[in-house]
Amino acid sequence: MTAAQPLPDPATSPDAPVPALPEAPKREALYFALRNPKLLIGLGIVLAFLVTGILGPFFLSPDPNARIAPPGLPPSGEYWFGTTQFGQDIFTQFVYGIRATFLVGILGGVVAAVIGMAIGFVAGYKGGWVDEILNMITNVVLVLPTLAVLFILVAYMDSRGVMMQSFFIGLTSWPWAARAIRSQALSLSSRDFVDLARLSGVRTWKIIVRDIAPNMSSYLFMTLILLFGGAVLAAAGLDFVGLGPTDGTSLGLMMHQAVKWGALQLGVWWWFVPPGLGITAIVGSLYVMNVGLDEVFNPRLREM
Amino acid sequence: MSLKVSDLRVYYRTLRGDVRALDGPAFTLADGEIMGLAGESGSGKSTLGKSLIRLDGRMKYVGGAVELDGDEVPVWDDRKMNDFRYKRISLIPQYAMSAMNPTRKIGRMTAELLESRGVRFREVREELNRRIELVGLDVDVLDRYPIELSGGMKQRVVMVLSTLLNPSLLIADEVTSALDVSTQRAVAETLVEFRDRRFVKSMIVVTHDISLVYQIADSIMVMYAGRLAEKAPARTIIEAPRHPYTKMLISALPEVGVKYAEKRLTGIPGSPPGLLDPPKGCRFRARCPLASEECEEQPPFVEVERDHYVACWKAE
Amino acid sequence: MRKYFGRKIFVYALTFFAAVTINWMIPRFMPGDPVQSRLARASLSNPEASQAMRDYYNSVFGLDMPVWQQYLNFWGSLFKGDLGVSIWLFPTPVTEVIMDAVPYSLGLLLPAILLSWVIGNKFGAYAARSKWLDNTVLPVGYVLTATPYMWLALLLAWSLGIVGGFFPSSGAYSFALRPEFSWVFVSSLLEHWFLPFLSLFLVSLGGWAIGMRNMIIYELESEYANYLQALGAPRRLIRRYAFRNAMLPQLTGLAVQLGTVVAGALLTEIVFSYPGLGFLILQAIQNQDFFLLQGVFLFIVAGVLIANFIIDIVYVLVDPRTRIQMQGGAK
Ligand SMILES: Nc1ncnc2c1ncn2[C@@H]1O[C@H](COP(=O)(O)OP(=O)(O)OP(=O)(O)O)[C@@H](O)[C@H]1O
Ligand code: SF4
Ligand SMILES: [Mg+2]
């Protein structure tokens, strides 16, 4: 599926040995962050889209699907991105679509991250048969082709909202995150400070929340970004086959409409170019930003 | 005299500035000499070892010269150094356990390495077999993958591999620290045997474990914070050290020279100075019980008696 | 050996079991009785089909039976290869509809997966060589992985198909032809195949290039690489080792990514009206043909599981470490 494209790198690819987590001191991290072009460019683009998605709708028609213009106009000064065959303003749809994209990304990403973290931490920290069982579950969900599962899950619902969609996406896209977090937690849980906590009888979840998670916060953040990107792509795939939200609009839904109503054959390129470009720009910037973050948090990569 | 190092300076580039990890040591190594190199963690032992064979990406050559058997060793020139590597200067890495490509059979990897260095594998094959047997292994280890060998076996294979071309100088960095005690002794004895059979002319054996190196080394050199503190015949270092740091090191060992003493170099109060911006003068000053005003000047590394060099104003 | 594969097979069996169970549960336990409402809608569009559907539902769903028996019956008909009857192409059995579509999907997927994997790995290894290459391959790779499959498909269909006219952008072969083994037909098949293949290939390429680049950098910093460098081995040899060793995790990556590529193929097919499984999914959704949708789902799951198993076998063949551990030869 288009969800969670886990970029196979040493940290996430299951068979690679896990390098110990190098945590740079905060101030040093900031120093590098401000000088990392990948991070800055990626973050800049993402923020630009975010602001557009949040503020844009306040300046535009309240209904992105309203038919307010002559149909099939190419981009012009008045209709920046042109209009659809139904006379809808594509720029308005685009801006609303960005909003929906961020919503799906954040909700879906957070749901997946929460599940992935819960399973990954507990498996990595507890070990033994708990680990075995959780591992089994992870592997099962991992090999299930996510988008196909989503088709089945979503197809039977009569009304579909962004919330429901994000929830289902999160529910199916956590496994690689759980694996990655598990192996990191595994290496951390053998460290002295965790042993100390364990010996002094602190509860499991408390150790995880207090001692293990903060030590890999940067890693978790990067995982969340990848899950966000994956959720956006998965949602776009669902929308595209016509299983998108039944109300409102989204970037994937715009492409669905464009294809359904023959934009390709009619040469109405301005109908399908902007939504895909928006998704690519947002997700691509997130990925590039992630590489930047990796360099900031991981001193070993800085010299490269 | 096989090795002569004069005033070698190699720093690590970091964003806060240069770390002066190797700040001008000067010493010589005689033909057939096995020299133990000791000192606290971070004193620059590995940096010295690496400087003599290959500077890694962060290391910066600043000055000084190295001479091997009368030839200048261009440590600053990565490409020219290739003529020396393996053939004249070789090393047994600290990580011998994982020094071999895990997905190649050992023999095949050896062959590929040798051929890439312009040595015909067929011509050294017999010698390789002989040496494999010499270290107590079966020749068929060459048909195995590294994962099929135990840690000690891998260590011995790497020792044979590293010295196969009879280098003049062998650098062995912490080769024993990952092994159990009895294997440690076997490895140490193998090193001596290699020297006795002239597989290698001279050796620098980097270690934390003075008592182990004492049993095999002809001389011991002690480093402190990127500089040399003392170099002398092994027995002299143990029985009559002159530098205050060496004295503290030795007295921290429970029973010096006793066979299985395992005590590491710890237990000296205080910690060495940071090497980013080290203090002027003697670097041991802050921890030295004998420190006085003259120590604000850096003491020279001088020969106080035959083959006994010390860098301390109070060493007379 | 037996233990390794036994474990794998167990996980795959479990996965298949889970997939079938999901498939069984969803129409039965979804709130709002979706089956009845689907039937009601179907009866408007095709009364004849709807009557047969109703009979069929009654026989498989056996709504008067206890739930566990319904579940067992479901498995029973599954083992007979019976996935129900398609509503969209009534009265063709779902299995038959799917079988007609599978070759098209495989024809897209196999070359796209294999070629993108091989070429992506080469690119990635190349990128790790110099800063300059790295700075071009990396961003391009990230943009490609961030591209929704269907969008690249749309761009290609529009630019090379509609505007450029180099390739047809719809269908699997020309409407004027009937399937036969002739030069005309085969070349038409290839022409129609090219764009969907290309778009699938390109999107997958980026991920492999990035993955390989990261793995190779990691390998080049490994201890054996360090040792070889200290002994003056040429970069060429070290790179060769690093590449080979980096391929192994990439192979695992291939297994992990399979689902993604398959989904990509589904979306791509929709854009090009390419008559594979993805196109079936679209038709199933638009025609409310849930037997077909569920059948395709099971098929995809089974396909992915089989592919995973093949990759497992290949992995054992190429990685001496796994092989030796399995033979119990490791010390
Ligand atoms: N890559 C690096 N970047 C910056 N400083 C470094 C780097 N590697 C080593 N150093 C510094 O150089 C000094 C000497 O390091 P070196 O590894 O030579 O010590 P060592 O004597 O071998 O220690 P150990 O006994 O722990 O192996 C240390 O202070 C260390 O902090
Ligand atoms: S020179 Fe001075 S400070 Fe340095 S070791 Fe000798 S007495 Fe101590
Ligand atoms: Mg060291």
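This is a short chat about a predicted model, covering the contact of chain A with chain C and a pair of helices in chain C.

Visitor: Where should I start with chains A and C? How many residues does each put into the contact?

Guide: Chain A gives 58 residues and chain C gives 67 residues. Keep in mind that the model is predicted.

Visitor: What area is buried between them?

Guide: About 5,700 Å² is buried between chain A and chain C, and carbon and sulfur atoms give 76% of that area.

Visitor: And salt bridges, how many across that interface?

Guide: The rule finds one salt bridge across the interface of chain A and chain C. A:Glu132 and C:Arg7 form a salt bridge through their side chains, at 3.0 Å from N to O.

Visitor: Why would side chains like that pair up?

Guide: Side chains of opposite charge can pair when their charged atoms come close.

Visitor: How many salt bridges are there over all chains?

Guide: A search of the whole structure finds 31. As for the pair just named, A:Glu132 lies in helix α4 of chain A, and C:Arg7 lies in helix α1 (residues 2–29) of chain C.

Visitor: Back to the interface. How many residue pairs are in polar contact there?

Guide: Three residue pairs are in polar contact across the interface of chain A and chain C, with both residues at pLDDT 80 or more.

Visitor: Which elements of chain A give two or more residues to that side?

Guide: They are α4 (128–143), α5 (146–155), α10 (217–243), α11 (251–260), α12 (263–266) and α13 (269–297) of chain A. The most comes from α13(A), with 12 residues.

Visitor: How do the residues on that side divide?

Guide: The side of chain A that touches chain C has 42 nonpolar, 10 polar and six charged residues.

Visitor: Now chain C alone. At what angle do α5 and α8 pack?

Guide: Helix α5 (residues 94–127) and helix α8 (residues 183–220) of chain C pack at about 35 degrees, and their axes are 6 Å apart.

Visitor: Is that crossing left-handed or right-handed?

Guide: The crossing of α5(C) and α8(C) is right-handed. Their contact has 21 nonpolar residues, six polar and one charged.

Conventions:
Residues numbered from 1 in each chain as written. Chains lettered and ligands numbered in written order. Predicted model: local features only at pLDDT ≥ 70, side-chain atom pairs only at ≥ 80, totals over all residues. Heavy atoms only, no water. Axes fitted to C-alpha atoms, helices over the stretch in contact; angles between N-to-C directions. Helix = DSSP H or I, 4+ residues; strand = E, 2+ residues; numbered from the N terminus. Left-handed = near helix turned anticlockwise from the far one by under 90°. Nonpolar A, V, L, I, M, F, W, Y, C, P; charged D, E, K, R; others polar. Contact = heavy atoms within 4.5 Å. Buried area = accessible area lost by both parts, 1.4 Å probe. Salt bridge = Lys/Arg side-chain N within 4 Å of Asp/Glu carboxyl O. Polar contact = N/O pair within 3.5 Å; in protein donor to acceptor, adjacent residues only side chain to side chain.
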